[in-house]
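User: Can you walk me through this model? I'd like to go topic by topic.

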Amino acid sequence: MARKKYLIWNEEIETMPRKELQKLQLKRFQETVERVYNKVPFYKKLFKDAGVKPADLKSMEDVAKFPLTVKQDLRNNYPFGPFATPLEEVSQIHATSGTTGKMTVTGYTDNDMKVWAEVMARVYTAGGTKKGDVIHNAYGYGLFTGGLGFHLGAHEVGATVVPVSGGLTKRQVTIMQDFGSTVLTCTPSYALVLAEAVEEAGLDPKKDLKLRIGFFGAEPWTDKMREEIGKRLDLEAFDIFGLAEIIGPGVSVECPAHNGLHIAEDHFYPEIIDPETGEPLPYGTPGELVFTTLTKEAFPLMRYRTRDRTVLHAEKCECGRTVVRMGKIMGRTDDMLIIRGVNVFPSQIEDVLLSFPELSPHYIIYVDRPKDMDALTVEVEATEKLFNQGWDALKEMEGKVKKGLAEALYVSSNVNIKEPFGIQRSQGKAVRVVDRREL
Ligand code: DLL
């Protein structure tokens, strides 16, 4: 029997007429505003400084009058200050470790866990996961929301989950093969590491593995990377987005139309703002993504600046969903590099590198400032084939990549092509940019 192309977990909500959805959002936004104002002291001060009261939210047009919040607000109230329920009502805690500053701590009541399971079931179903699937979950288990979020959703859809977590890559390949895994969940960079290990083990994913679907997220990746992963593991790759502060994975996901990520808009209200001025921008205009949680009990957040750059679209998708779609994350407002005055996004560099079949999709970007001038260095791996052609071929390739980068970025860069496996592999979120200017 032919598979139905578009599966939807919660038809009633995911295909709800927009007018009805907006009504529901307004009611829930009003409840959130009341909750944070009455239960979380730092919001009272923020509201006072902005000269607003919960009752001022009469329609969604009023949303922009309410203050934006940032990670620093959470850090200032570390660890449990942002919680709107007493700790005894909190059934699970997660945290993200920033490279700077304190951890960001998030909490869930029993009902928040149910919401998380529901939105993750929507994610799995959007990609075509069903009861009978075997999910190889290689997101890290622990304080990171990836592992446990995907675990929770797997149970909700009734699939079989294998909680492998990250690491011990060779064993992961054995498990995928022996257990007949059909769904792979991990970061896109780790998917490539697994693909390499599959090749090294001499396996043909078409014959030796049963993978059909992959849900990859937690870090930026391009459409070219999607093609690469899809081809090397013989699966359809879906982009999944989320952040611990909002719930973890499950905020949005692609459907097989691959034209943006459907946001669980009945639980998370999205806005796009101008990152410089904080002013809201209309659908279709790229800017910084902002979320308000609409149903969270333990850790509600209002107008939280994610620092992620994307664009929103409100037209109905061919899959039937009516919820707003967000474009692929183009990068973060805070990982935009300014090189000699020019804005450079790591995703632009990835695009150029992946357009050369002679290179492997493993790279790292260094930024230095020798003699007061920014210097951009891109290290990328050669494929075995290119490497075996010797020095001259490598140098010629470096020249081509340099030219490609200069045309795309409008700044010059140094390019070092490394031997195969010359770039360290990641088991979770890949570190792709090392900015040594502040050091
Ligand atoms: O990364 C949650 C998650 C787990 C999402 C597993 C998807 C899969 P945090 O550790 O709080 O949460 O990191 C959130 O990661 O603000 C983005 O900058 C980035 N990010 C997450 N998903 C994507 C994606 C999890 N699909 C931060 N594309 C976010 C690009 C992503 N960036």
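Analyst: Sure. One term before we start: helices are DSSP runs of H or I with at least four residues, strands are runs of E with at least two, and both are numbered from the N terminus. Also, this is a predicted model.

User: OK. Where does Ser165 sit, then?

Analyst: Ser165 is in the loop between β4 (160-162) and α7 (169-179). Its phi is near 65°, a positive value in a residue other than glycine.

User: Is Ser165 buried or exposed?

Analyst: Buried. Its relative accessible area is 18%, and the cut-off for buried is under 20%.

User: Which other residue has a positive phi?

Analyst: Arg340 has one, near 45°, and again this is a residue other than glycine. Arg340 lies in the loop between β17 (337-339) and β18. With a relative accessible area of 32%, Arg340 is partly exposed.

User: Why flag those?

Analyst: Most residues other than glycine have a negative phi, and most peptide bonds are trans.

User: On that note, which residues does a cis peptide bond join?

Analyst: Tyr78 and Pro79, with omega at about -5°. Pro79 belongs to the loop between α4 (71-76) and β1 (92-96).

User: Switching to the ligand. How many residues surround it?

Analyst: 23 residues do, and the closest are Asp239, Ile240, Ala244, Asp308 and Lys429.

User: What polar contacts does the ligand make?

Analyst: Here are three. A ligand nitrogen is 2.7 Å from a polar backbone atom of Ile240. A ligand oxygen is 2.9 Å from a polar backbone atom of Ala244. For Asp308, a polar side-chain atom lies 2.6 Å from an oxygen of the ligand.

User: And how much of the ligand does the protein bury?

Analyst: The protein buries 93% of the 610 Å² that the ligand exposes when taken alone.

User: Which elements give two or more residues to the shell?

Analyst: They are α6 (145-157), β7 (236-243) and β8 (248-254). The largest share comes from β7, with five residues.

User: What's the make-up of the shell by class?

Analyst: The shell has 11 nonpolar residues, six polar and six charged.

User: What's in the loop between β7 and β8?

Analyst: Ile247 is found there. Ile247 counts as buried because its relative accessibility is 0%.

User: What does Ile247 touch?

Analyst: Leaving aside residues up to four places away in sequence, Ile247 touches Tyr108, Asp112, Val115, Trp116, Thr145, Phe268 and Lys296. Its C-alpha is also 9.6 Å from that of His94, and these two residues are 153 residues apart along the chain.

User: Zoom out. Which domains are assigned?

Analyst: The assignment gives domain 1 (11-334) and domain 2 (339-435). Their C-alpha centres are 30 Å apart.

User: How many residues are in contact between domain 1 and domain 2?

Analyst: On the domain 1 side, 21 residues are in contact with 16 residues of domain 2.

User: Last one: which residues of α11 are buried?

Analyst: In α11 (residues 346-354), the buried residues are Pro346, Ile349, Glu350, Val352, Leu353 and Leu354.

User: Any pattern to expect from a helix?

Analyst: An α-helix has 3.6 residues a turn, so residues three or four places apart point the same way.

User: What do the buried residues of α11 pack against?

Analyst: Two helices, α10 (223-233) and α13 (391-409), are on the list. So are the strands β18 (342-344), β19 (359-368), β20 (375-382) and β22 (433-435).

Terms used
Residues numbered from 1 in each chain as written. Predicted model: local features only at pLDDT ≥ 70, side-chain atom pairs only at ≥ 80, totals over all residues. Heavy atoms only, no water. Buried < 20%, exposed > 50% of the residue type's maximum accessible area, 1.4 Å probe, protein only. Contact = heavy atoms within 4.5 Å. Near = heavy atom within 4 Å. Polar contact = N/O pair within 3.5 Å; in protein donor to acceptor, adjacent residues only side chain to side chain. Areas by Shrake-Rupley, 256 points an atom, 1.4 Å probe, with all protein chains shown as cover. Nonpolar A, V, L, I, M, F, W, Y, C, P; charged D, E, K, R; others polar. Domains from an automatic or database assignment.
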